[in-house]
Structures are given as structure tokens and as C-alpha cells.
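Colleague: I would be grateful for a close look at the interior of this protein, with its enclosed spaces and the residues around them. Please set that interior against the surface and its open pockets.

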Amino acid sequence: VRAAEHPALQYLEERNFSPAMEFAERWYLGFTDRSPDSSPPFEDSRIIIPVFAPGPAFSLAASSQSPGTPDRVLAGWQARSIWTADESSYSSPKYLSCRGMKKSHIVYGLPEAINTRGPIVIVEGVTDVWRLQTNAVALFGKDLSSRQCSLLQHYFSDRPLVVFLDAGAQEASNRAVAALMRARGVYMNDTKVVTATLPNSRDDVGECSTEEA
């Protein structure tokens, strides 16, 4: 199958992540039909989603950087299954994460979000970040860990934060807002932390159009 015709790109186009090839290049996405040697291995077609953490360029003073200092380092990956039928009929997980990647210690999209301005939106999954296109990071779930809270405070201490979780995650959303406000209070920081509500009939950000989100 030619790259432009691979089911992974068809999957992205069907969900209005288009044009799919340029979209995949923007997020460094790959795809494979099987990966028996990965950890964990898998035997079905999946989109490979690299997960990056901020590199030395974000932690060194400009005077200390050498030419070519990277702004991101690879922290792991997720592999999203490409299902063309009813997803509830499949027994394999929708997402696989590489062994050794501590999801509670990182947030998806952090290097990209650091390079933006304005409010930062906190969502659950990688496709939610893709839908918003910019200024968004994902928790790999609905719960904000203490490490993730520290990362958000460190890199976005002077920027408003918007907690935008899936439908039915109100309690988790409230906990996240409270934790972020406590973290800001330690530094006498009153920059706003707020929640966003999904449009009617939508269960998660990824289901929305970009305009709706």
C-alpha cells in the first residue's frame, strides 16, 4: 500500500484531520501494519504517535546553548488502533503505550504548546489535542497527576489554563482545577484556571469540529 493510500491516512481524513499527509507530518505521526518486536508488540494496523518532552532548549539559558540545541526529546510513544468497524467489537486496546513510558509524568503536546501564546487548554487524549490544533496538551486520561500539575505550573505559570475534559468527567475536572489553583497559590499567582464545557451532543473534544471546540 502506498503511503498516501494507507488506512491510517484514511482514518485521519474520515475524522476531518485533513489533509492527512500534512497533518501526520506536523505531529511526526507514523503508521505500521504490525510490530512484533516493539514493547509491547502488536499485530494490527496502528497509527504511531511519538510523545515528546521538552528538551534542553527550554531549560538552558540562551547564553548556555550550543547551536542545534534540541527543543524536544522522545519520551515514548502511543499506538492507536485503526478500526474501520464498530470499535466495541474489538478486544485489543484502542491505545497501546510503550513500556517504560510513565504517562503520569508527562503531558502530550508540551513542546508544541510552549511555543504558543495565550491560554493553554488541558484535555484528555492525543486526538483532542489534534482537534484543537494549537495551545493544547493532553493528560493521557482524565486525572491530573502531581507531576503533570508541576509541569503545567512550571511552563505556563503566567498563562490562563482551561480544563476541557470529556463528558462525565466533572469530578476529575473539579479536582484538576483545584490542584492547579493550589499550585498557583503557592507562588501568589492569580492567573485564571477555568473549565470549558462540551457542546451539546458531544462526548469528547475529539468528536467536535475544530470550530465547535
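Modeller: The surface that the protein exposes comes to about 11,400 Å², of which carbon and sulfur atoms supply 50%. This value, like those that follow, is computed on a predicted model. Of the 213 residues in the protein, 44% are buried. Six helices and eight strands are present, and from the N terminus on they are arranged in the order α-α-β-β-β-β-α-β-α-β-α-β-α-β. Among contacts with a separation of 6 or more, 60% join residues 24 or more positions apart.

The interior is best approached through its nonpolar cores. The largest of them has 36 residues, and those with the most contacts inside it are Leu-12, Leu-29, Ile-47, Tyr-108, Val-123 and Trp-130. At least two residues of this core come from each of α1, α2 (20-26), β2, β3 (72-81), β5 (120-123), α4 (126-132) and β6 (136-138). Apart from this core lies another, of 23 residues, which includes Ala-113, Leu-161, Val-177 and Leu-180.

Tyr-108 deserves separate attention. Leaving aside neighbours within four places in sequence, Tyr-108 is in contact with Trp-27, with Ile-49, Pro-50 and Val-51, with Val-126, Val-129 and Trp-130, and with Ala-136, Val-137, Ala-138 and Phe-140. Tyr-108 also belongs to the lining of the largest cavity, together with Trp-27, Pro-50, Val-51, Phe-52, Gly-109, Pro-111 and Glu-112. The elements that give two or more residues to this lining are β2 and α3 (110-114), and the largest share, three residues, comes from β2. By class, six of the lining residues are nonpolar, one is polar and one is charged. The volume of this cavity is about 40 Å³, and the count of cavities of 30 Å³ or more comes to two.

The second largest cavity has a volume of about 30 Å³. Its lining consists of Ala-8, Leu-9, Leu-12, Ala-24, Leu-29, Gly-30, Phe-31 and Ile-47. Two or more of these residues come from each of α1 (7-14) and β1, with α1 giving the most, three residues. Seven of the lining residues are nonpolar and one is polar, with no charged residue. Leu-12, Leu-29 and Ile-47, which help to line this cavity, are also among the residues with the most contacts inside the largest core.

A buried loop residue follows on from this region. Phe-42 lies in the loop between β1 (30-32) and β2 (46-54). Phe-42 counts as buried because its relative accessibility is 5%, where the cut-off for burial is under 20%. Residues up to four places away in sequence not counted, Phe-42 touches Thr-32, Arg-34, Ser-35, Pro-36, Ile-48, Trp-77, Ala-79 and Leu-96. Thr-32, one of these partners, is ten residues from Phe-42 along the chain, and the C-alpha atoms of the two are separated by 9.9 Å.

Helix α5 (residues 146-155) also contributes to the interior: its buried residues are Gln-148, Cys-149, Leu-151, Leu-152 and Gln-153. These buried residues of α5 pack against β5, β6 and α6 (170-186).

The open pockets remain to be considered. The largest pocket holds about 540 Å³ of space. It is lined by 25 residues, and the closest to its centre are Lys-94, Tyr-95, Thr-127, Asp-128 and Asp-204. β3 and α4 each supply at least two residues of this lining, and α4 gives the most, with four residues. β3 and α4 are also among the elements that each supply at least two residues of the largest core. By class, the lining of the largest pocket has twelve charged, seven polar and six nonpolar residues.

The second largest pocket has a volume of about 180 Å³. Of the 13 residues that line this pocket, Leu-165, Asp-166, Gln-170, Ala-196 and Thr-197 lie nearest its centre. Its lining divides into seven nonpolar, five polar and one charged residues.

Key. Residues are numbered from 1 along each chain as its sequence is written. This is a predicted model: local features need pLDDT of at least 70, side-chain atom pairs count only at pLDDT 80 or more; totals for chains, interfaces and linings use all residues. Side-chain values use heavy atoms; hydrogens and water are left out. Buried means under 20% relative accessible area, exposed over 50%, partly exposed in between (1.4 Å probe, protein chains only). Contact means heavy atoms within 4.5 Å. Accessible areas come from the Shrake-Rupley method with a 1.4 Å probe; for residues, only the protein chains shown count as cover. On a 1 Å grid over the protein atoms alone, a cavity is a set of points where a 1.4 Å probe fits but cannot get out, and a pocket is an open set with protein on both sides within 12 Å along at least five of seven lines; lining residues have an atom within 4 Å of a point. Grid points are joined across faces, edges and corners, and a volume is the space filled by probe spheres set on the points. Ala, Val, Leu, Ile, Met, Phe, Trp, Tyr, Cys and Pro count as nonpolar, Asp, Glu, Lys and Arg as charged, and the others, Gly among them, as polar. A nonpolar core is a set of buried Ala, Val, Leu, Ile, Met, Phe, Trp, Tyr and Cys residues joined through side-chain atoms within 4.5 Å.
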